[in-house]
Structure formats: C-alpha cells, structure tokens
Amino acid sequence: MRLHIALDDELVAEVDRRVGPRRRSAFIAELIRREIEDDKRWEEITSALGALPDTGHEWDDDPAAWVREQRRGDARRSG
C-alpha cells in the first residue's frame, strides 16, 4: 500500500545519507514496525501494573535476618 508522508528536507537528506535514496521506504517501514512493537510492549507493561497485590513480603521487617535464615536452611552451605 502506498502512503503519502511529508518530511522535512533535512530529515530526508539524513535518511538518504544513512541508507540511500533507494532504501527509504524499507528503512521507514522498519522504524514504524519497531515503534509499534515498543508501544505494544509498554501497553502490556502498564496494563500489568497493579496486577499483583502488594501484600508485603516475609523479609520486609528485617531483610538481613531473612537472608541469614535462608542461608541456614540450605544444607549445602557451610557456616
């Protein structure tokens, strides 16, 4: 499908410098694909915010004590 897009001369010159005038369409299409994928990813991230309840963790009161207890509970560790 063809699409008409107006771009500044400086921007077109930069695209041409990077990819050449015969690769403009492919370059712009790839940039649009990437941006759409990024937008989808951010939509998924923001929709997941708050999905897990903030009920606290067993290590919140004393993280160092929790780590020590975890280490003691592992028979493979010495000391």
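**Entry 1: Arg 72 and its partner**

I began with Arg 72 in this predicted model, and I noted that Arg 72 counts as exposed because its relative accessible area is 60%, while exposed means over 50%. I then looked for a partner of opposite charge and found that the side chains of Arg 72 and Glu 69 meet in a salt bridge, with 3.8 Å from N to O. Glu 69 has a relative accessible area of 47%, so I entered Glu 69 as partly exposed. Both residues belong to helix H3, which covers residues 63-72, and because they are 3 residues apart there, about one helical turn separates them.

Next I followed the salt bridges that share partners, and I found that they join Glu 14, Arg 17 and Arg 18 into one network.

**Entry 2: Salt bridges from Glu 14 to Arg 24**

Within that network I looked up the pair Arg 17 and Glu 14, whose closest N and O atoms are 2.7 Å apart in a salt bridge. I saw that Arg 17 and Glu 14 both lie in helix H1, again with a spacing of 3 residues, or about one turn of the helix. How exposed are the two partners? Arg 17 counts as exposed at 60% relative accessibility, whereas Glu 14, at 29%, counts as partly exposed.

I also looked at Asp 16 and Arg 24, whose side chains form a salt bridge of 2.6 Å from N to O. Asp 16 has a relative accessible area of 22% and is therefore partly exposed, and Arg 24 is likewise partly exposed, at 33%. For the whole structure I wrote down 8 salt bridges.

**Entry 3: Two surface patches**

Which residues gather in a patch of negative charge on the surface? I found Glu 35, Asp 39, Glu 43 and Glu 44 there. I picked out Glu 43, which lies in helix H2, residues 24-48, and which counts as exposed because its relative accessibility is 53%.

I then turned to a nonpolar patch on the surface, made by Leu 3, Ile 5, Leu 7 and Leu 11, and noted its area as about 390 Å². Leu 3 is found in the segment before helix H1, which runs over 9-19. With a relative accessible area of 67%, Leu 3 is exposed.

**Entry 4: The protein as a whole**

After these single residues I stepped back to the overall fold, and I counted 3 helices and 0 strands, so that from the N terminus on I could write the order of elements as α-α-α.

How does the radius of gyration of the protein compare with that of a compact globule? I noted 26 Å for the protein, while a compact globule of 79 residues would have a radius of gyration near 12 Å. Along the principal axes, I recorded that the C-alpha trace spans about 65 × 30 × 25 Å. I also noted that, of the 79 residues, 3% count as buried, where buried means under 20% relative accessible area.

For the surface, I entered an accessible area of about 7,900 Å², of which carbon and sulfur atoms hold 51%. Finally, I looked up the charges and found 15 positive and 19 negative ones, with their mean positions 9 Å apart.

Technical notes: Residues are numbered from 1 along each chain as its sequence is written. This is a predicted model: local features need pLDDT of at least 70, side-chain atom pairs count only at pLDDT 80 or more; totals for chains, interfaces and linings use all residues. Side-chain values use heavy atoms; hydrogens and water are left out. Patches are made of residues with over 30% relative accessible area and no salt bridge: like charges are joined within 9 Å, nonpolar side chains (Val, Leu, Ile, Met, Phe, Trp, Tyr) within 5 Å. Accessible areas come from the Shrake-Rupley method with a 1.4 Å probe; for residues, only the protein chains shown count as cover. A salt bridge is a side-chain nitrogen of Lys or Arg within 4 Å of a carboxyl oxygen of Asp or Glu. Lys and Arg count as positive and Asp and Glu as negative; His and the chain ends are not counted. The place of a charge is taken as NZ of Lys, CZ of Arg, CG of Asp or CD of Glu. Helices (H or I, at least four residues) and strands (E, at least two) are DSSP runs, numbered from the N terminus. Buried means under 20% relative accessible area, exposed over 50%, partly exposed in between (1.4 Å probe, protein chains only). The radius of gyration is taken over C-alpha atoms; the globule rule is 2.2 Å times the number of residues to the power 0.38.
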